[in-house]
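Dear colleague,

I am handing over the structure below, and after it you will find what I noted while going through it. Please read the notes with the coordinates open beside them.

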Amino acid sequence: MLLLFWIILFSIINESFANKYGIPYLFLAPEYLNTISFWSYMIMGFSIGGFVMTYNITGYIINSGRFQFIASLRRPFLVYCINNSLIPLAFILYYIYKVIFYHLENESSSVIDISIYVLGIIIGYTLNVVVSLTYFLSTNKNIFKLLGITPDEESGKPINTLFLRDESLYNFLRKREKWHVESYLNTPFRSKPAKDISHYDTEMLRSITKHNHLNASFFEILIFISYIVLGLFHENAFFIIPASASVILFFTMILIILSALHTWLKGWTTFAFLLLLFVINMLSQSQIFSYDNMAYGLNYNTEKADYSIKELNKLRLNEENIENDKNNSIDILNAWKKNTNEKKPKLIFLNTSGGGSRAMMWTYFTLHHLDSIFNNQFFNKIHLISGSSGGMIGAAYYRELYLREQHDKTKFKNSYEHVENMGRDLLNPIAFSIATNDFFIRMKTYNDGKYTYLKDRGYAFERQLLINTNNVLDKRMRDYVAPEKVAEIPMMIFSPTITNDGRRLLIASQPISYLSYNLPKNNTLNNPIVENVEFTKLFKQQDAMNLKFTSAIRMSATFPYIMPSVTLPTNPQIEVMDAGVRDNYGAITTFKYMHTFKEWINENTSGVIIIQIRDKEKNKKVTDSPLRSIAETFSTPIGSFYSNLFIVQDYNLDDMVQYLGNDIEQQVHIIDFELENEESRVSLSWHLTPREKSAILKAMNSKNNQQSLARLKGLLEN
């Protein structure tokens with residue numbers, strides 16, 4: 001169990017574990033207060049030092065009984081740490097080497113900067129180790145303290161006159177020794193022969209070991225409590241440590257729990273640990289101990305919404321709602337057309353993909369670049385925005401700044417500050433919340449006007465997003481009703497996936513019940529099921545329009561395990577997660593919208609342009625299928641399914657476009673702007689390194705994107 005943590009850490013540093021998700025870069029280029037600095041590396045060194053000392057303490061508690069001779073030494077715990085230092089020493093040296101190599105290879109950092117980073121690691125590591133050893137050297141007992149003699153006085157002479165040794169017990173313990181030790185490291189550079197302990201009383205040695213174990217457990221309990229207390233300050237940027245340090249902190253806390261259990265339960269530790277997990281799992285199913293994540297702004301205290309087939313069909317087949325909602329959207333289309341000042345303009349839809357921070361920054365930068373190319377006359381031609389995850393965050397941020405520019409006349413388009421905001425870290429507060437709060441005890445609450453919620457990593461995500469964007473997204477769904485109604489800004493539809501049944505939950509400020517309507521045509525005889533559920537209709541009694549806009553964003557961007565699935569107030573209870581599970585590009589929403597208003601489009605436009613901002617290239621190279629091991633043979637079917645999930649979506653969407661062509665008389669142009677991350681290796685994460693940010697800004701210069709740009713110019717300028 002102890003070695004498993006080291007295997008994971010070595011794999012991360014070696015960039016062979018979770019490389020696609022950027023986990024190694026969190027360790028090699030940690031950020032603290034949005035900067036890679038001496039302090040970020042010192043925190044990393046300090047956290048590694050804490051893990052190493054906990055590893056030593058846990059090993060000492062579990063294994064010191066196998067080396068009873070160390071109880072007779074002057075500094076037993078220090079000697080144990082020295083002899084147990086091979087793996088920690090190898091790790092810290094390898095980590096320093098990888099940090100140096102990373103900065104030379106990827107960031108072109110100066111020798112001075114790299115030296116400062118390495119110094120930070122060493123200082124942080126040393127500080128934690130020194131503080132921990134100081135405690136143990138001042139509290140741990142040994143044979144000399146107990147007898148009141150010095151090591152020189154003892155000289156290996158029998159002391160049976162002081163303590164009567166139980167020969168039968170001693171011989172029994174000798175037979176049970178698993179490891180026979182001839183010599184040990186007394187200092188890092190000097191070895192000594194292991195001392196014969198046959199002349200010591202066994203009970204006395206055992207009492208010394210037990211006392212030292214209790215000291216170690218007490219020290220670990222203090223560390224554990226300090227981590228929990230630290231979690232109370234997770235809203236203070238000063239206390240939000242790098243995400244990689246939070247990972248190590250989480251490992252440390254698991255070791256603390258295991259070693260504390262072993263101190264009291266000995267051989268029953270494994271059973272007790274499994275029992276503890278079982279009890280926690282059972283309690284988590286109780287409403288009292290439930291830690292469901294909630295959507296902020298919704299009323300969870302009133303009667304829950306009925307989520308049944310009967311109710312969903314009732315919402316889907318409400319002819320009055322559908323007709324009213326269609327008329328409302330046609331009014332918006334007419335307002336949009338009027339704002340273009342063209343007789344038959346090109347109707348533009350924006351589809352943007354998920355992909356964490358890389359999709360956020362790439363989407364915002366693409367919109368920023370297109371507006372600069374077309375003299376700020378591009379974004380105002382977009383009618384509808386749909387997509388998933390990070391891409392929708394970038395589009396939402398650009399839309400809000402565009403709206404503010406119309407009202408306040410503040411120029412934002414020529415500033416890279418907002419592009420940089422989209423690349424700022426979101427992962428540190430999430431990881432810190434996981435390590436200190438979510439998996440242990442949640443004590444703090446969040447008051448959102450009329451309602452109160454528990455704070456967790458979902459709250460940490462929304463709060464950090466608001467900080468990164470200067471709070472401009474601190475709005476409710478109702479706040480966008482008026483500007484969308486007059487086509488001052490594009491409509492925006494979020495579509496998170498309902499995990500219970502795979503349906504799409506459509507969240508919008510405008511009523512869109514027509515997107516849930518799917519009755520068969522006169523010549524089609526089938527019994528269609530409800531696929532899309534309109535959020536505002538389903539949760540009308542739960543204050544749906546009061547939903548925080550950042551919560552709508554988060555529901556569409558709940559990356560599994562990193563972000564919590566959002567529980568909604570329904571009966572039976574449903575949860576939602578990332579929109580990319582069903583439609584990573586928002587194309588299904590766009591196509592259904594076009595089909596619904598095909599008559600208006602045919603009569604009032606000169607064609608349709610669908611801009612797809614993708615975080616990965618569409619036509620990926622075909623990879624070889626080499627000979628596989630037995631383990632790979634078992635894992636390949638499942639792994640291939642998940643790795644090809646978005647490619648399969650592309651196949652289906654391309655087919656849907658062909659069928660849609662029967663409805664639209666004018667040309668439908670789909671233009672892709674791709675972040676070619678296969679070459680630039682931009683990780684799928686809520687954290688970007690400086691190298692990755694630079695790669696995103698350069699992606700517009702690729703051959704494919706330049707061709708797309710030329711094609712778009714030709715369509716809009718004719």
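To begin with the packing around one helix, the buried residues of α27 are covered by surroundings that include α23 (580-583), α24 (587-596), β16 and β17. Please keep in mind throughout that this is a predicted model.

Helix α27 itself spans residues 645-660, and its 16 residues reach 23 Å from the first C-alpha to the last, which is close to the 22 Å expected at 1.5 Å a residue. Its buried residues, taking buried as under 20% relative accessible area, are Q649, D650, L653, V657 and L660. These cover an arc of only 105 degrees around the axis, and therefore lie on the same side of α27. The face turned away from that buried side carries the exposed residues Y651, Q658 and Y659.

Two of the elements that cover the helix, β16 and β17, also belong to an open sheet of five strands, ordered β9-β6-β5-β16-β17, in which the pairing is parallel. Because β9 (491-493) and β17 (668-674) stand at the edges with a single partner strand each, one side of each is left without a neighbour in the sheet. Neighbouring strands here are turned by 20 degrees against each other on average, with direction ignored.

As for the pairing of β17 with its partner, strand β16 (residues 608-614) runs parallel to β17 and is joined to it by seven bridges. Within this pairing, I613 has F673 of β17 as its bridge partner.

With best regards

Note on methods:
Residues numbered from 1 in each chain as written. Predicted model: local features only at pLDDT ≥ 70, side-chain atom pairs only at ≥ 80, totals over all residues. Heavy atoms only, no water. Pairing = 2+ DSSP bridges. Helix = DSSP H or I, 4+ residues; strand = E, 2+ residues; numbered from the N terminus. Axes fitted to C-alpha atoms, helices over the stretch in contact; angles between N-to-C directions. Expected span 1.5 Å × (residues − 1). Buried < 20%, exposed > 50% of the residue type's maximum accessible area, 1.4 Å probe, protein only. Arc of directions from axis to C-beta. Contact = heavy atoms within 4.5 Å.
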